[in-house]
Amino acid sequence: MTELICIVCPKGCHLKVDEENGYKVTGNGCPRGAAYGEKELVNPTRTITSTVRIDGKTARRVPVKTSADFPKGKIFDVMAELDKVDAKAPIKVGDVIIENVCGLGVDIVAAKDID
């Protein structure tokens, strides 16, 4: 039995996941919590929000985020790729900064307009 705190919403339900009985989840306040509990043990994923360097007159860094979640074990690989980036202004929200980062099928996109 594994105990987790659900992060799907601010409620923070205390989940118990029984791996021996088909990943049965208890303690969840909604179906999303049950799905989170099972996924966290079977295939944990994460998203990243960070910044990358930018060549611009008004800013030195631009906030970025992943376009979707990706396997938790690849976080450090993705962060290493972000460290290599020197983006060029102007940038608009949603512009792809890195396409298909680390071959994960996930893009790194800008989260702010930079002129």
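1. Let's start with the hairpin: strands S5 and S6 form one, with 5 residues between them. Please keep in mind as you read that this is a predicted model. S5 covers residues 49-55, and S6 covers residues 61-66. The two strands run antiparallel and are joined by 5 bridges. To find the pairing on screen, look for Thr49, which stands opposite Lys65 in S6. A further pair to look for is Ser50, whose bridge partner in S6 is Val64.

2. Where does the hairpin sit in the wider fold? S5 and S6 belong to an open sheet of 5 strands, and the order across that sheet is S8-S5-S6-S10-S9, with mixed pairing. The edges are taken by strand S8 (86-88) and strand S9 (96-98); each has a single partner strand, so one side of each is left without a neighbour in the sheet. Averaged over neighbouring strands and ignoring direction, the turn of one strand against the next is 50 degrees.

3. A word on what "mixed" looks like here. Strands of a sheet pair through backbone hydrogen bonds, and they may do so in parallel or antiparallel fashion. On one side of S5, the pairing with S8 is parallel, with 3 bridges joining the two strands. Asp55 is a handy marker there, as it stands opposite Lys88 in S8. S6, for its part, pairs with S10 in the antiparallel sense over 3 bridges. Here you can look for Val64, which stands opposite Ala110 in S10.

4. S6 deserves a closer look, since its side chains alternate along the strand. Which residues of S6 are buried, and which are not? Val62, Val64 and Thr66 point to one face and are buried, whereas Arg61, Pro63 and Lys65 point to the other face and are not. Val64 thus appears in several places in this note: it is among the buried residues of S6, it is the bridge partner of Ser50, and it stands opposite Ala110.

5. Now add a helix to the picture. Helix H2 (residues 75-83) packs on the sheet, where it touches S5, S6, S9 and strand S10 (108-110). The direction of H2 makes about 20 degrees with that of S5.

6. Helix H1 is the next element to visit. H1 spans residues 31-42, which is 12 residues, and from its first C-alpha to its last it reaches 17 Å, close to the 16 Å expected at 1.5 Å a residue. Its buried residues are Gly33, Tyr36, Gly37 and Glu40. Why do these residues line one face of the helix? Seen down the axis of H1, they fall within an arc of 100 degrees, so they line one face. Those buried residues pack against strand S1 (2-5), strand S2 (14-18), strand S3 (24-26) and strand S4 (45-46).

7. Within H1, I would pause at Glu40. Is Glu40 buried or exposed? Its relative accessible area is 13%, which is under the 20% cut-off, so Glu40 counts as buried. The side chain of Glu40 is joined to that of Arg46 by a polar contact of 2.7 Å. Setting aside neighbours within four places in sequence, the residues in contact with Glu40 are Leu4, Arg46 and Lys72.

8. Finally, some backbone details in the loops are worth checking by eye. Pro90 lies in the loop between S8 and S9, and the peptide bond leading to it from Ala89 is cis, with omega near 0 degrees. Tyr23, in the loop between S2 and S3, has a positive phi of about 60 degrees although it is not a glycine. At 30% relative accessibility, Tyr23 counts as partly exposed. Asn100, in the loop between S9 and S10, also has a positive phi, near 50 degrees, in a residue other than glycine. With a relative accessibility of 38%, Asn100 counts as partly exposed too.

Definitions and conventions. Residues are numbered from 1 along each chain as its sequence is written. This is a predicted model: local features need pLDDT of at least 70, side-chain atom pairs count only at pLDDT 80 or more; totals for chains, interfaces and linings use all residues. Side-chain values use heavy atoms; hydrogens and water are left out. Helices (H or I, at least four residues) and strands (E, at least two) are DSSP runs, numbered from the N terminus. The expected span of a helix is 1.5 Å times one less than its number of residues. Buried means under 20% relative accessible area, exposed over 50%, partly exposed in between (1.4 Å probe, protein chains only). The arc is that of the directions from the helix axis to the C-beta atoms. Contact means heavy atoms within 4.5 Å. Two strands pair if DSSP finds at least two bridges between them. Axes are lines fitted to C-alpha atoms, for helices over the stretch in contact, and angles run from 0 to 180 degrees between N-to-C directions. A polar contact is a pair of N or O atoms within 3.5 Å; within protein, one must be able to donate a hydrogen and the other to accept it, and residues adjacent in sequence count only if both atoms are side-chain atoms.
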